Amino acid sequence: MESKDVFCSNLMDGTLCSHTERQQPSSPSVIVIGGGISGIAAARTLCNASFKVLLLESRDRLGGRIHTDYSFDCPVDMGASWLHGVCNENSLAPLIRCLGLTLYRTSGDNSILYDHDLESYVLFDMEGRQVPQQLVIEVGEKFKRILKETEKVRDEHSEDISVLEAMSVVLDRHPDLRQEGLAHEVLQWYICRMEAWFAADADMISLKAWDQEDVLSGGHGLMKQGYYPVIKALAENIDIRLNHRVTKIANWFNKVMLTVEDGRCFVADAAIITVPLGVLKANLIEFEPKLPQSKLDAISDLGFGNENKIALRFDTVFWPNVELLGIVAPTSYACGYFLNLHKATGHPVLVYMAAGRFAYDIEKLSDEAAVNFVMVQLKKMLPNAKDPIQYLISRWGTDLNSLGSYSYDLVGKPADLYERLRAPFGSLFFGGEAVSMDHSGSVHGAYTAGVMAAEECRSYLLEQHGNLELLQLVSSEEIVEATVPLQISRM
Ligand SMILES: Cc1cc2nc3c(=O)[nH]c(=O)nc-3n(C[C@H](O)[C@H](O)[C@H](O)COP(=O)(O)OP(=O)(O)OC[C@H]3O[C@@H](n4cnc5c(N)ncnc54)[C@H](O)[C@@H]3O)c2cc1C
């Protein structure tokens, strides 16, 4: 095999030192594993600081859980689609502003449970009758009270319990908060929306942690042109190898050697690992030496949920001009909802969203069966619904490149979990959405985690190389510093 650059090595026999001495790199070299926003942000940061950087990505595309599909003749995000926190404090705001991307704000509320304002959705029951808006509002208020009461349950329990368990304690104590009939179904719909936020069922979500997230101000904004332009801009001029699945990471004598699926090896001074938590949980990458037990425990103790989307494109718009169309049911599992992209982007597209166990169950269906299932739901709400002319289906839970959608706090989550997850190990540094203590599960959290891992890696290497004046860090803020405001709309 040709050895074209400092990263390439065909030395499989352990003669790593002689190889790296021969190469004598002028500036430290870093391999970033994973071409999602976190990995690309890490690579960008180190490239700007004049490091030699190589990014290895297992898929045949960049973006990871940012996946903007263009086959509908309009951008449709099958992974992330909202900027959570439409404000200047959002680490992605400078870049989004600079690129002139527009946001459609679905909620001005910073609450994690309401990324859509109440007036912007319409609910139906299983028989296709519209739920009176007054009832939706009243049950929404009851749901808030139930959640408020769970705080007392939390204070009484030293051990963590699930949000669902806490809600059932509250309902036992406060019969006035219990709901019957249609109101009960609306309550289930609120729980379904909460489960969608965490991509997990309410019996898995930690009571102690669920509302401890540091939510940015400014509400939630849909990326009207899709998220991919952000990836494209950040990835410019980075040495990226697609279809390179890392299977082994060895870290000896201040060097890392990465093996990819076809047996080729790459050597560098350090590596930044940004693969999804699901990939780490499934032990798809072998570490030598093994990761310390404290990190392995953190990997296992953090929850990793699942969310899927089924996007449907129609030739005409036959649905009401609201942002969300929801269907209520006796259990949160059976509730469902469609995001109306027509409202935000003008394109005749509905996106069905499923989370938690239901999202895994959807993945077991064939494409046709999944679309049929969703169309049955839609026709319950709107009996005259037309059939779609195109569809897209995500399967994040079984995709070997993700094995889930994003992390959440499982019942019993230890307090120092994020520190352990993020802690460097030898010349290995950890980025990715899951290590972000304040904004895990989000694009901006993943971005910041990538930049932080790169900065830690940079300091470590400069210390190792004793060469502090050699390399200058150009901060990403400097590149995208702009006075242009965020462009926000709501039709
Ligand atoms: C359905 C869905 C909806 C979401 N909605 C939102 C939203 O609206 N707003 C929001 O802020 N966030 C949302 N998120 C979460 C957000 O997408 C993620 O937090 C973020 O994109 C994660 O970025 P990352 O770089 O950490 O990981 P990833 O984007 O997953 O990047 C990791 C990369 O590693 C690659 N990889 C995996 N294994 C290997 C290997 N062995 N070798 C080399 N490469 C490997 C993967 O292919 C991937 O490209 C959503 C996620 C999903 C799935």
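How many residues surround the ligand, and which are the closest? In this predicted model, 41 residues surround the ligand, and the closest are Gly34, Gly36, Ser38, Gly64 and Ala80. Four elements give two or more residues to this shell: helix 2 (37–48), strand 6 (82–84), strand 17 (307–313) and helix 14 (443–465). Helix 2 gives the most, with 3 residues. By type, the shell divides into 16 nonpolar, 18 polar and 7 charged residues.

The ligand sits in a protein chain with 15 helices and 24 strands. The chain has 491 residues, and buried residues make up 49% of them. Contacts between residues at least 6 apart in sequence can be sorted by how far apart the partners are, and 74% of these contacts join residues at least 24 apart.

Some positions also carry an annotation in a database. An unreviewed UniProt entry lists Ser38 and Val246 under "binding site". Ser38 is one of the closest residues to the ligand, and Ser38 lies in helix 2. Is Ser38 buried or exposed? A residue counts as buried if 20 or more other C-beta atoms lie within 10 Å of its own. Ser38 has 35 such neighbours inside 10 Å, so Ser38 counts as buried. Leaving out residues up to four places away in sequence, Ser38 touches Thr274, Gly431, Gly432, Glu433, Ala446, Tyr447, Ala449 and Gly450. Helix 14 spans residues 443–465, and the partners of Ser38 include Ala446, Tyr447, Ala449 and Gly450.

Val246 belongs to strand 11, which covers residues 246–252. Val246 is buried because 23 other C-beta atoms lie within 10 Å. Apart from neighbours within four places in sequence, Val246 is in contact with Ile33, Leu56, Leu258, Val260 and Ile285.

The unreviewed UniProt entry also places the feature "binding site" at Tyr352. Tyr352 is part of strand 20, residues 349–355. With 24 other C-beta atoms within 10 Å, Tyr352 is buried. Its contacts, once neighbours within four places in sequence are set aside, are Lys309, Ile310, Gly336, Phe338 and Val374. Strand 17, one of the elements that give two or more residues to the shell around the ligand, runs over 307–313, and Lys309 and Ile310 are among the contacts of Tyr352.

Next comes one of the sheets. An open sheet of 5 strands has the order 10-3-2-14-23, and its pairing is parallel. Which strands stand at the edges? They are strand 10 (239–241) and strand 23 (428–430); each has a single partner strand, so one side of each is left without a neighbour in the sheet. From one strand to the next, the twist averages 20 degrees.

The edge at strand 10 can be followed further. Strand 10 runs parallel to strand 3 (residues 52–56), and 3 bridges join the two. Within this pair, Leu56 stands opposite Arg241 of strand 10. Leu56 is also one of the residues in contact with Val246.

Positions far apart along the chain can still be brought together in the fold. Ser27 is found in the loop between helix 1 (16–23) and strand 2 (29–33). Ser27 and His465 are 438 residues apart along the chain, and their C-alpha atoms are separated by 8.8 Å. Ser27 has 19 C-beta neighbours inside 10 Å, so Ser27 counts as partly exposed.

The last stop is the backbone itself. Most residues other than glycine have a negative phi, and most peptide bonds are trans. Where does the chain have a cis peptide bond? One joins Glu288 and Pro289, with omega about -5 degrees. Pro289 is in the loop between strand 15 (286–288) and helix 9 (293–301).

Ala199 is not a glycine, yet Ala199 has a positive phi of about 60 degrees. The loop that holds Ala199 runs between helix 6 (181–198) and strand 9 (220–223). Ala199 counts as buried because it has 27 C-beta neighbours inside 10 Å. Asn237 also has a positive phi, near 65 degrees. Asn237 lies in the loop between helix 7 (228–235) and strand 10, the edge strand described above. Asn237 is exposed, because 7 other C-beta atoms lie within 10 Å.

Definitions and conventions: Residues numbered from 1 in each chain as written. Predicted model: local features only at pLDDT ≥ 70, side-chain atom pairs only at ≥ 80, totals over all residues. Near = placed C-beta within 6 Å. Nonpolar A, V, L, I, M, F, W, Y, C, P; charged D, E, K, R; others polar. UniProt positions renumbered as here; feature names shortened; annotations may be inferred. Buried ≥ 20, exposed ≤ 12 C-beta atoms within 10 Å, placed from the backbone. Contact = placed C-beta atoms within 7 Å. Pairing = 2+ DSSP bridges. Axes fitted to C-alpha atoms, helices over the stretch in contact; angles between N-to-C directions.
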